[in-house]
Amino acid sequence: MTDPTNALAIALFSEILTADQLVRNRLSRVMPKGMEISHFSVLNHLAHVAEERTPAQLAQAFHVTRGAMTNTLSRLEWAGYVHIRPDWDDARRKLVGISKAGRLARDTTLEAISPMVEELIGDLGPDKVRAVLPILRELRGKLE
């Protein structure tokens with residue numbers, strides 16, 4: 001990399017990593033007690049897809065190891081937020097679905113974080129947020 005490109009890359013990743021850390025800190029402060037960002041993310045995903053997923057599919061969707069996803073799912077199951085059952089067609093696999101308690105926890109978390117998210121969008125302005133989304137999506141696609 002040439003020096004200007006190197007400096008640009010460092011500035012880009014520095015901003016992304018710092019913004020990520022700041023958003024995570026803010027979210028953690030307003031989320032319901034016991035809810036972690038990884039828990040909410042899985043519950044939100046399951047609520048959106050509206051069908052069961054295997055732990056491997058979830059690990060792939062979140063770009064984490066199967067072990068990390070198994071740990072998250074174990075905690076969610078212990079809390080009663082997901083149901084994990086055998087796949088009747090393939091006994092080697094399990095299927096994960098969101099429970100009623102999981103939907104309630106996800107909805108409660110959304111209500112808790114919405115004011116913070118709305119404030120950030122209000123401060124930046126919806127037009128700026130809309131303008132940056134395609135760039136962030138393209139960047140994510142390149143990194144995948």
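## Notebook: a look through the chain

I began with a side-chain pair and noted that Arg-130 and Asp-127 are joined through their side chains by a polar contact of 3.2 Å. I should record at once that the model is a predicted one. Looking up where Arg-130 sits, I found it in helix α6, which covers residues 126-143. I then checked its accessibility and entered Arg-130 as exposed, because its relative accessibility of 55% is over the 50% cut-off.

**Overall layout.** I went through the secondary structure next and listed six helices and two strands for the chain, which follow one another along the sequence in the pattern α-α-α-α-β-β-α-α. For the dimensions I noted that the C-alpha trace spans about 55 × 35 × 25 Å along its principal axes. The chain has 144 residues, and 24% of them count as buried. I put down an accessible surface of about 10300 Å² for the chain, with 57% of that area belonging to carbon and sulfur atoms. Taking contacts with a separation of 6 or more, I noted that 52% of them are accounted for by residues 24 or more positions apart. On charges, I entered 19 positive and 18 negative ones, whose mean positions lie 4 Å apart.

**The core.** I then turned to the largest nonpolar core, which has 20 residues, and wrote down Met-31, Leu-43, Leu-46 and Leu-73 as those that touch the most other members. Two or more residues come to this core from each of α2 (37-49), α3 (55-62), α4 (66-78), β2 (90-98) and α5 (100-124), and α2 gives the most, with six residues. I followed Leu-43 further and, leaving aside residues up to four places away in sequence, listed its contacts as Met-35, Leu-76, Tyr-81, Val-82, Ile-98, Gly-102, Ala-105 and Arg-106.

**Backbone angles.** Last, I looked at phi, keeping in mind that most residues other than glycine have a negative value. Ala-50 has a positive phi, near 55°, though it is a residue other than glycine, and I located Ala-50 in the loop between α2 and α3. I marked Ala-50 as exposed, because its relative accessibility is 57% and the cut-off is over 50%. His-63 is not a glycine either, and I noted for it a positive phi of about 55°. I placed His-63 in the loop between α3 and α4, and I marked it as exposed because its relative accessibility is 56%.

Conventions. Residues are numbered from 1 along each chain as its sequence is written. This is a predicted model: local features need pLDDT of at least 70, side-chain atom pairs count only at pLDDT 80 or more; totals for chains, interfaces and linings use all residues. Side-chain values use heavy atoms; hydrogens and water are left out. Helices (H or I, at least four residues) and strands (E, at least two) are DSSP runs, numbered from the N terminus. Buried means under 20% relative accessible area, exposed over 50%, partly exposed in between (1.4 Å probe, protein chains only). A polar contact is a pair of N or O atoms within 3.5 Å; within protein, one must be able to donate a hydrogen and the other to accept it, and residues adjacent in sequence count only if both atoms are side-chain atoms. Contact means heavy atoms within 4.5 Å. Accessible areas come from the Shrake-Rupley method with a 1.4 Å probe; for residues, only the protein chains shown count as cover. Lys and Arg count as positive and Asp and Glu as negative; His and the chain ends are not counted. The place of a charge is taken as NZ of Lys, CZ of Arg, CG of Asp or CD of Glu. A nonpolar core is a set of buried Ala, Val, Leu, Ile, Met, Phe, Trp, Tyr and Cys residues joined through side-chain atoms within 4.5 Å.
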